[in-house]
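Please open the structure in your viewer and keep the selection panel at hand. The tour below proceeds from one selection to the next.

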Amino acid sequence: MTAVSQGRRSATRIGTDAEALSVARELAAEFAVGAAERDRERRLPHAEIDRLSESGLLALTVPARFGGLDVRPSVLAEVVSILAAADASIAQIPHSHFVYLNLVRLSAGPALQERIFTDVLAGGRVANAQSERGGKTVADISTRLSPVGEGSPTRFVLDGEKFYCTGSLFADTLAVLAKSDVAGGDLAPAEYVAFIPADADGVEIVDDWDAVGQRTTGSGTVRFTGVEVGVEDLVARAPATSTPTGYGAFAQLLHVAIDVGIARGALREAAEFVRTKSRPWFEAEVDRAVDDPLVVQRFGELEVDVATAEATLAVAGRRVDSAVGAASGESGRAGVVDASIAVAEASIAVATAKTVADRVAPSVASALFEVSGTRSAAAGSGLDRYWRDARTHTLHDPVRWKYQHIGRWVLRGEEPPLHGVI
């Protein structure tokens with residue numbers, strides 16, 4: 001490992017997949033200790049996110065040509081799942097960081113790639129400012145980029161308001177989805193992502209996130225008023241989301257990893273509670289709760305559910321690995337047709353994994369109380385955070401549409417749409 005630094009913080013350079021997983025396990029053990037208290041008090045994990053940056057985990061996907069490890073999506077998903085088992089909020093915070101680094105890799109110009117990847121290698125963090133309230137659907141974007149001057153402007157101003165801006169309170173850079181309605185130089189009217197400093201003039205980050213779960217993700221409101229943006233800071237979104245790049249499958253894979261991690265964490269917590277605190281039911285005629293045959297049976301059923309979710313996540317991860325390789329021409333599967341098929345296969349595999357995780361995470365987090373007994377429902381136990389985190393996160397995008405895409409693929413061979421959410 002090599003320490004690198006730039007400006008405000010330094011980060012360790014992770015050299016292998018095995019090292020990445022080892023570091024994730026070490027940090028997860030640290031983060032688990034105060035997770036319930038942070039959730040109860042809604043104490044934002046600034047120190048923990050700094051540790052995450054310093055560890056080098058946030059730089060795992062930086063391309064090798066910029067000095068990064070460039071880990072496969074399957075490895076990153078395992079890292080995220082390990083962290084989510086300890087604290088689902090901490091695992092959620094860098095989700096958009098990795099998604100927008102992928103956009104930079106796929107679509108940004110050389111200068112922006114150099115700037116963003118260099119900053120991330122030194123511990124820099126990216127957060128999203130994408131979703132909005134008030135539109136007819138989540139796809140409606142009212143935030144606007146307006147060119148400054150006429151002809152071929154190189155400067156723009158950004159105006160709008162975003163919500164669900166996960167990680168914005170911890171970010172150095174904000175990735176802001178906005179529309180340009182008029183042509184500006186070489187830029188056609190379209191959706192762009194603007195990469196701007198989180199502390200730029202005209203940026204207001206509001207800590208108003210108050211969901212029942214994932215309470216410390218910093219997913220509140222960000223307002224932009226006349227924020228100056230250079231043309232070199234803009235990345236067109238369409239090339240990544242409307243062509244077979246695997247962009248959507250990659251993003252969704254990390255969502256699955258969070259849900260699977262929550263399920264594993266909940267089952268692990270339940271087992272520890274039963275071993276150390278639960279009393280056996282008198283009809284079992286045993287001295288320890290762990291010897292109650294009905295409790296043993298239920299734990300066996302729950303382990304099968306969690307292991308199934310983990311297995312489908314692993315399969316999906318390998319499919320995304322293949323899709324990313326096919327899309328970049330690195331896997332030997334050349335051509336647009338092969339890339340399209342590989343990406344479709346990956347999206348269906350991830351959708352399948354997500355439907356499983358969507359069912360398993362809330363149910364296991366609820367069963368935690370069933371197997372642990374009345375004591376587990378005490379307000380001070382903090383065990384309810386697993387269900388609240390699972391219920392909140394699984395609302396991100398509806399699995400009912402995943403079943404539709406899976407069914408169309410199986411019955412009619414229809415490839416899922418390329419809109420970045422499957």
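In this predicted model, begin by selecting helix α9 (residues 247-276) and helix α12 (residues 384-393), whose axes come within 10 Å and cross at roughly 165 degrees. An angle over 145 degrees counts as roughly antiparallel, and α9 and α12 are therefore roughly antiparallel to each other. Their crossing is left-handed.

Next, display the side chains where these two helices meet. On α9, select H255, I258, D259, I262, G265, A266 and E269; on α12, select R385, Y386, D389, A390 and H393. Sorted by class, this contact of α9 with α12 has 5 nonpolar, 3 polar and 4 charged residues.

Keep H255, I258 and H393 visible, and add Q92, which is in contact with these three residues and also with T166, Q214 and T217, leaving aside its neighbours within four places in sequence. Q92 is placed in helix α5 (residues 88-92). Is Q92 buried or exposed? Its relative accessibility is 7%, so Q92 counts as buried.

Now move to helix α6 (residues 95-107) and select F98 within it. F98 also counts as buried, because its relative accessibility is 4%. Which residues should be displayed around F98? Leaving aside neighbours within four places in sequence, the contacts of F98 are L57, L58, T61, L76, F250 and L254. Label F250 in particular: F98 and F250 are 152 residues apart in sequence, yet their C-alpha atoms are 9.2 Å apart in space.

The next stop is the pair formed by helix α1 (residues 17-33) and α3, which pack at an angle of about 170 degrees with their axes 11 Å apart. This angle makes α1 roughly antiparallel to α3. To view the contact, select V23, L27, E30 and F31 of α1 together with E48, R51, L52 and S55 of α3. By class, the contact has 4 nonpolar, 1 polar and 3 charged residues.

Finally, hide α1 and examine helix α3 (residues 46-55) alone, colouring its buried residues E48, I49, L52, S53 and S55. Where do these buried residues lie when the view is down the axis of α3? They fall within an arc of 165 degrees, so they line one face of the helix. In general, an α-helix has 3.6 residues a turn, so residues three or four places apart point the same way. End the tour at G56, just after α3, which takes a positive phi of about 95 degrees.

Notes. Residues numbered from 1 in each chain as written. Predicted model: local features only at pLDDT ≥ 70, side-chain atom pairs only at ≥ 80, totals over all residues. Heavy atoms only, no water. Axes fitted to C-alpha atoms, helices over the stretch in contact; angles between N-to-C directions. Helix = DSSP H or I, 4+ residues; strand = E, 2+ residues; numbered from the N terminus. Parallel < 35°, antiparallel > 145°, perpendicular 65-115°, else oblique. Left-handed = near helix turned anticlockwise from the far one by under 90°. Contact = heavy atoms within 4.5 Å. Nonpolar A, V, L, I, M, F, W, Y, C, P; charged D, E, K, R; others polar. Buried < 20%, exposed > 50% of the residue type's maximum accessible area, 1.4 Å probe, protein only. Arc of directions from axis to C-beta.
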